[in-house]
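Reader: Could you take me through the inside of this protein, starting with its cavities and then moving on to the side-chain contacts? I work at the bench, so please spell out the cut-offs as you go.

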Amino acid sequence: MTADTWFPDWKRPWIPQLQADLLAGLSVAAMAVPQCVCFAGMAGLPASYGLYGVIVPSLGYALCGSSPYLAVGPVALVSLLLHDRLEPLVPGSAANINPSHPADEEAQLRFNTAAIQVALVMGAMLVLLRIAGASIWTHLLSKPIVDSFLTAGALVIAASQLKYLVGVEIPRGSQLQAVVAHMWQKRPDMRWQELLMGCCWLAILLGQRVLTTIHRGWIWTRPFGSLLVAGLSIAVVWLGHLHEPSGTIRVVGPIQPGLPPWTAPAWFPLQIPVLDLLLTAASMTAVSLLEALSVARALADSLSSRPKPACELLGLGLANMAGAAFGAYPATGSFARSAVAHYAGARSRLTGVITALSMVVVLLVATRPFELMPLNALAAIVIAGVIPLVDFGSLLPLLKGHAG
């Protein structure tokens, strides 16, 4: 592996390029902390697993991946899919409403172990696809397929977060209209405090996005929108004592501090049947690869930054296999965080290394504040993050055709 492989866009003088990667890595980490805490909850895992899922997978992808922008780690769609597949297979896990403070600790441990095993098998599948030369088939992914995938995923993710904004429990479902209808039926039970606070955070995030779109000179502030909302929401909860047992706002709860644990011994015995494990890993492999390639292609602005499918298969495979040895669940490229790396001017995969090191610092010294982060703020961050994935230009004609 040569320096040109690792730093394809670096030119002399190299110090400004290093500064760009440093800024990009820190910016991605700033967005990743609140996002990945939320994604872990969506996956049915303790909040710390979201942070674990950035560190080793980012390093693994940096070794063999091809995109300087792709930010690897937990993402909303994969997290949601993982929870939906594993919950019926792990008895007792449905009772753990808050995985960071589970009602059934034994069931939660089995669920955590099963998620790690899925990551291991998914990584192995990606590597086997690379060895088999299957990367050539990725060129058949057309733009309409990619756009439809991203739009459908964004709508499902947004629907899954509505319950945190309105403060009522909504059954899981893949049909957006069913979720909205159930929420309408539950409107008398809505917690206005949750709804008001969540709408405020969403307004801040969307307002910042509009502002940075109008004033392109402020685009560098976009990565810090999530961190701003996280900081404000934590301050409001702490100052108002809203997190106490008698409070009105639900918060993340305990986050295990410290470095990711060594979880390779948890690879065996299997926590779910072999066939279910293979089917779950296969579906995660397809979704993860499609999302990563979609993101990397969308952000590529030069020949050197264009994703190479063979490298992506190997990079993502290594990221997940290595991550499974250190408490990570299935990871892929994040659209929102990759866009931040692009906007911040990332020039090489050193950005991922800097992001990983930043997350290590967070786990060692800064987990306590995020324990007070309200769930409605996490929901607002996720919803604001997936809105750019919805291609309204292609969605409206499809809806008209379906209605006709």
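Author: Happy to; here are the enclosed spaces, then the aromatic pairs, then the salt bridges.

This is a predicted model, in which local features need pLDDT of at least 70 and side-chain atom pairs count only at pLDDT 80 or more, while totals for chains, interfaces and linings use all residues. Residues are numbered from 1 along each chain as its sequence is written, and side-chain values use heavy atoms, with hydrogens and water left out.

Let's begin with the cavities. A cavity here is a set of points, on a 1 Å grid over the protein atoms alone, where a 1.4 Å probe fits but cannot get out, and its lining residues have an atom within 4 Å of a point. Grid points are joined across faces, edges and corners, and a volume is the space filled by probe spheres set on the points. The model has 3 cavities of 30 Å³ or more.

The largest cavity holds about 160 Å³ of space. Its lining consists of 19 residues, and those nearest its centre are Ala76, Ile157, Glu291, Val386 and Leu389. To place this lining on the fold, we need helices (DSSP runs of H or I, at least four residues) and strands (runs of E, at least two), numbered from the N terminus. At least two lining residues come from each of α2 (15–42), α4 (76–86), α6 (143–166), α12 (335–343) and α14 (375–386). Helix α6 has the largest share, with 5 residues. Sorted by class, the lining of the largest cavity has 14 nonpolar, 4 polar and 1 charged residues. In this sorting, Ala, Val, Leu, Ile, Met, Phe, Trp, Tyr, Cys and Pro count as nonpolar, Asp, Glu, Lys and Arg as charged, and the others, Gly among them, as polar.

The second largest cavity has a volume of about 130 Å³. It is lined by 16 residues, with Leu70, Ala71, Val72, Thr351 and Gly352 nearest its centre. Two or more residues of this lining come from each of α3 (47–64), β1 (71–73) and α13 (350–365). Helix α3 gives the most, 4 residues. By class, the lining of the second largest cavity has 9 nonpolar, 5 polar and 2 charged residues.

Next come the aromatic rings. Rings of Phe, Tyr and Trp (its six-membered ring) pair if their centres lie within 6.5 Å; planes under 30 degrees apart count as stacked, over 60 as edge-to-face and the rest as tilted. There are 2 aromatic pairs by this rule. In one, the rings of tyrosine 49 and tyrosine 52 have centres 5.5 Å apart and planes at 55°, so the pair is tilted. Both tyrosine 49 and tyrosine 52 lie in helix α3, 3 residues apart, or about one turn of the helix. For accessibility, buried means under 20% relative accessible area, exposed over 50%, and partly exposed in between (1.4 Å probe, protein chains only). Tyrosine 49 is buried at 13%, and tyrosine 52 is buried at 4%.

The other pair is tryptophan 262 with phenylalanine 326: the ring centres are 5.3 Å apart and the planes at 70°, so the pair is edge-to-face. Tryptophan 262 lies in the loop between α9 (225–239) and α10 (274–299), and phenylalanine 326 in the loop between α11 (309–323) and β2 (332–334), so the pair ties together parts that are 64 residues apart in sequence. Tryptophan 262 is exposed, with a relative accessible area of 56%, while phenylalanine 326 is partly exposed at 30%.

Finally, the charged contacts. A salt bridge is a side-chain nitrogen of Lys or Arg within 4 Å of a carboxyl oxygen of Asp or Glu, and the structure holds 4 of them. Glutamate 106 bridges to arginine 110, with the closest N and O atoms 3.5 Å apart. Both residues lie in helix α5 (residues 105–131), 4 residues apart, about one turn of the helix. Glutamate 106 is exposed at 56% relative accessibility, and arginine 110 is partly exposed at 26%.

Glutamate 371 forms a salt bridge with arginine 368, their closest N and O atoms being 3.7 Å apart. Glutamate 371 counts as buried at 17%, whereas arginine 368 is exposed at 63%. Salt bridges that share partners also join Arg191, Glu194 and Arg250 into one network. Within it, arginine 191 and glutamate 194 have their closest N and O atoms 3.9 Å apart. Arginine 191 is partly exposed at 29%, and glutamate 194 is buried at 0%.

Notes:
On a 1 Å grid over the protein atoms alone, a cavity is a set of points where a 1.4 Å probe fits but cannot get out, and a pocket is an open set with protein on both sides within 12 Å along at least five of seven lines; lining residues have an atom within 4 Å of a point.
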